Amino acid sequence: MDLFSRSWAALRAAVDELSDEDWERPSGCTGWLVRDLVCHLVIDAQDVLITLVTPADGEPTVNAVTYWELVDPPTGEDPLDALVPRLAAAYGEPRWLRFHFDDVGSAAGRAAVLADRDARVRTRDQVLTAGDYLSAYVMEWTLHHLDLVMHLPSAAGPPAETLAAARASLEEIAGAPFPASFSDADALLVGTGRRAATDAERGALGELAAKIPFVLG
C-alpha cells in the first residue's frame with residue numbers, strides 16, 4: 001500500500017472509531033472541534049476527486065513538496081475557515097457527517113488507487129503529476145490525523161511511515177533537518193506551530209527556532 005493510501009486509510013479508521021462525545025471535543029486546528037475537522041476532510045476528499053479528473057497540458061510547475069505554500073497562521077476568522085463549523089453543525093447528528101465522510105472518503109481512496117501516477121493534473125493554478133499530488137496529500141492527511149487525536153489520548157495516531165515521510169517533506173520545506181532528538185510527530189507539531197516548543201526543544205532547534213512555524217496552505 002502506498003503512503004497516500006496508508007495515511008488516508010489510517011485517518012479514515014481513526015474517524016470511524018470516534019464516539020459521539022469525541023465529535024464535540026477540540027481538535028488541533030485553531031477554533032475547530034473534531035466535527036469541524038472531519039467536515040474539512042470531506043472537502044479535502046472532494047478536492048482529491050476533482051483534481052484527479054482535471055487533466056493538464058504542459059510541464060509540471062510544482063512537485064510534491066513545492067505544492068505547499070507558506071501562509072499566515074490560522075486565526076479562525078478566514079471566511080472559509082469560519083464556514084466549516086457552520087457546515088459541520090448543519091449535519092446535526094454525528095452519524096450523518098460520519099456517513100458523508102465515509103462515502104466521499106471511500107471514493108477518494110478508490111480514485112487514488114486507479115489514478116495514472118504519471119498523468120498531469122491541475123489544481124490551484126498549478127500543474128503537477130497525479131503521483132506528486134497524491135504524495136503531497138500524505139502531509140495533509142498526517143497533519144490532520146495529528147489534529148484529530150490531539151485531545152483524544154486513547155486514539156491511534158498516524159502510521160510511523162507516513163509520519164516519517166511528512167517529516168522529510170517538512171524538512172525539505174524548512175531547508176534544514178529537525179534535531180534527531182525530536183520524534184517525527186514532535187517535529188511536525190512544533191514545526192507547523194501546532195504546539196509551542198519547550199525551552200529544551202528551542203535550544204536543540206538552534207537557528208531553526210527563529211523560522212518556525214512553517215504553516216502550510
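Tutor: A disulfide is a pair of cysteine sulfur atoms within 2.5 Å. Keep that cut-off handy, and remember that we're looking at a predicted model.

Student: How many disulfides does a search of the whole structure find?

Tutor: It comes up with 0 disulfides.

Student: Why is there no bond for Cys 29?

Tutor: Look at the distance between sulfurs. The closest cysteine sulfur to that of Cys 29 belongs to Cys 39, and at 12 Å it is too far for a bond. Cys 39 is likewise in no disulfide, with the sulfur of Cys 29 as its nearest.

Student: And are these two cysteines buried or exposed?

Tutor: Buried means under 20% relative accessible area. Cys 29 has 13% relative accessibility, so Cys 29 counts as buried. Cys 39, at 3%, counts as buried too.

Student: Cys 39 sits in helix 2, right? Which residues of helix 4 does helix 2 meet?

Tutor: Right, Cys 39 is one of the helix 2 residues in that contact, along with others including Val 38, Val 42 and Leu 49. On the helix 4 side you'll find, among them, Leu 97, Phe 101, Val 104 and Ala 108. By class, the contact has 15 nonpolar, 3 polar and 1 charged residues.

Student: How do I read the way the two helices are arranged?

Tutor: Check the angle between their axes: under 35 degrees counts as roughly parallel. Here helix 2 (residues 34-52) and helix 4 (residues 94-114) cross at roughly 30°, with their axes coming within 9 Å. Helix 2 and helix 4 are therefore roughly parallel to each other.

Student: What is the handedness of the crossing?

Tutor: Helix 2 passes helix 4 in a left-handed crossing.

Note on methods:
Residues numbered from 1 in each chain as written. Predicted model: local features only at pLDDT ≥ 70, side-chain atom pairs only at ≥ 80, totals over all residues. Heavy atoms only, no water. Axes fitted to C-alpha atoms, helices over the stretch in contact; angles between N-to-C directions. Helix = DSSP H or I, 4+ residues; strand = E, 2+ residues; numbered from the N terminus. Parallel < 35°, antiparallel > 145°, perpendicular 65-115°, else oblique. Left-handed = near helix turned anticlockwise from the far one by under 90°. Contact = heavy atoms within 4.5 Å. Nonpolar A, V, L, I, M, F, W, Y, C, P; charged D, E, K, R; others polar. Buried < 20%, exposed > 50% of the residue type's maximum accessible area, 1.4 Å probe, protein only.
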